[in-house]
Amino acid sequence: EVDFEHAGFEWVDFHDADQSVIIFLRRARRREEHVVVACNFTPMPRAGYRVGVPAASFYRELLNTDDSQFGGSGLTNGPGAQAINQPWHNQPCSLELTLPPLGVTILKPEK
């Protein structure tokens with residue numbers, strides 16, 4: 001909806017150069033509608049990686065490029081992860097993810 005507008009994109013974290021991870025949000029016109037995109041640019045999996053998110057809801061994993069159906073090793077977050085009311089990355093809530101090696105994970109909050 002807002003691909004070419006500033007409101008459609010928000011950095012969550014781009015400072016983790018030590019682990020080569022970036023995280024951002026893509027938003028719809030209604031700000032509560034968003035997806036979280038986490039990218040791990042190293043061949044090392046990142047277990048228990050805390051990610052700041054806007055809402056304390058269940059985040060369903062929509063895409064994991066390491067899923068075995070795409071020829072990956074199958075290191076996914078199952079159906080997803082529950083966010084808690086613990087601020088992180090300048091967001092009011094956070095969740096813990098397993099970031100696959102050299103992979104991208106996309107999650108969307110359930111209503």
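This report looks at Arg46, the largest nonpolar core and the cysteines of a predicted model.

## R46, a buried charge

Let's start with R46, which sits in strand β4, covering residues 46-53. R46 is buried, yet it has no salt bridge. D16 carries the nearest side chain of opposite charge, and that side chain is 6.5 Å away. A salt bridge calls for a distance within 4 Å, so the D16 side chain does not form one with R46.

What does the side chain of R46 make a polar contact with? One partner is the side chain of T42, at 3.2 Å. In addition, a polar atom of the R46 side chain lies 3.4 Å from the backbone oxygen of Q19. Setting aside neighbours within four places in sequence, R46 is in contact with Q19, V21, N40, L97, T98 and L99.

## The largest nonpolar core

The largest nonpolar core has 17 residues, and those touching the most other members are I23, V36, V51, V53, Y59, L95 and L97. Two or more residues come from each of β2 (21-27), β3 (34-40), β4 and β7 (93-99). Strand β7 gives the most, with four residues.

L97 links this core to the first topic, as R46 is among its contacts. Beyond neighbours within four places in sequence, L97 also contacts A47, G48, Y49, V51, N77, A81 and L107. In soluble globular proteins, nonpolar side chains tend to be buried together.

## Cysteines

The structure holds zero disulfides. C39 counts as buried because its relative accessibility is 7%. C93 is buried too, with a relative accessible area of 4%.

Notes: Residues numbered from 1 in each chain as written. Predicted model: local features only at pLDDT ≥ 70, side-chain atom pairs only at ≥ 80, totals over all residues. Heavy atoms only, no water. Buried < 20%, exposed > 50% of the residue type's maximum accessible area, 1.4 Å probe, protein only. Lys, Arg positive; Asp, Glu negative; His and termini not counted. Polar contact = N/O pair within 3.5 Å; in protein donor to acceptor, adjacent residues only side chain to side chain. Contact = heavy atoms within 4.5 Å. Core = buried A, V, L, I, M, F, W, Y, C linked by side-chain atoms within 4.5 Å. Disulfide = S-S within 2.5 Å.
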